[in-house]
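User: I'd like a close look at a single part of this model. Here it is.

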Amino acid sequence: MSASLYNARILRLATSIPHQARLADAQASVSKRSPICGSRVTVDVVLDGEGRVAALGQEVRACALGQASAALMGAHAIGRTPAELAAARDALTAFLAGERDDPGDWPDLDIFLPARPHAARHPSIRLAFEAVAEAAAQALAEPVR
């Protein structure tokens with residue numbers, strides 16, 4: 001792989017994933033796996049009474065790109081609504097596919113610009129965002145505890 005794809009920022013993020021403990025009282029949990037590389041991310045969420053992420057837990061077993069993505073997701077997911085999480089997932093997907101020039105308003109996702117030509121790496125990068133968006137949507141459908 002090219003050096004620019006696995007740059008110092010990516011590697012630094014990969015070692016600093018927040019919320020790396022599963023939640024015992026999660027309202028919803030979702031696991032996603034990349035069939036290409038075997039990367040796996042599990043995300044647990046609890047929403048508050050306003051439907052925003054109040055607690056987040058994640059277990060990340062992924063390559064450096066997947067770990068970096070989980071770090072960025074985890075750093076900014078608290079306080080977000082399921083709609084905001086779905087929008088971030090969709091913007092990241094479109095950005096990686098070259099369907100849009102920017103990755104949306106989620107902080108620092110532009111770090112994945114060097115990955116755009118490497119379509120086989122896209123599923124791993126998307127895992128955390130796919131899992132958190134799906135978990136939040138499931139939690140929203142459940143009654144608030």
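What should the 15 residues of helix H3 (residues 82-96) span, and how far apart are its end C-alpha atoms?

Analyst: Some ground rules to start with. This is a predicted model, where local features need pLDDT of at least 70, side-chain atom pairs count only at pLDDT 80 or more, and totals for chains, interfaces and linings use all residues. Residues are numbered from 1 along each chain as its sequence is written, and side-chain values use heavy atoms, with hydrogens and water left out.

Now your helix. Helices here are DSSP runs of H or I with at least four residues, strands are E runs of at least two, and both are numbered from the N terminus. The expected span is 1.5 Å times one less than the number of residues, so H3 with its 15 residues should cover 21 Å, and its end C-alpha atoms are indeed 21 Å apart.

As for what H3 tucks away, its buried residues are Pro 82, Leu 85, Ala 88, Ala 91, Leu 92, Ala 94, Phe 95 and Leu 96. Buried means under 20% relative accessible area, with exposed over 50% and partly exposed in between, using a 1.4 Å probe and protein chains only. In an α-helix there are 3.6 residues a turn, so residues three or four places apart point the same way.

Where does that buried set go? The buried residues of H3 pack against strand S2 (40-47), strand S3 (53-61) and helix H4 (122-141), with contact meaning heavy atoms within 4.5 Å. Just past the end of H3, Gly 98 adopts a positive phi of about 80 degrees.

One of those partners, S3, holds Gln 58, which counts as buried because its relative accessibility is 1%. Among the residues that Gln 58 touches are Thr 42, Val 43, Ala 70 and Met 73.
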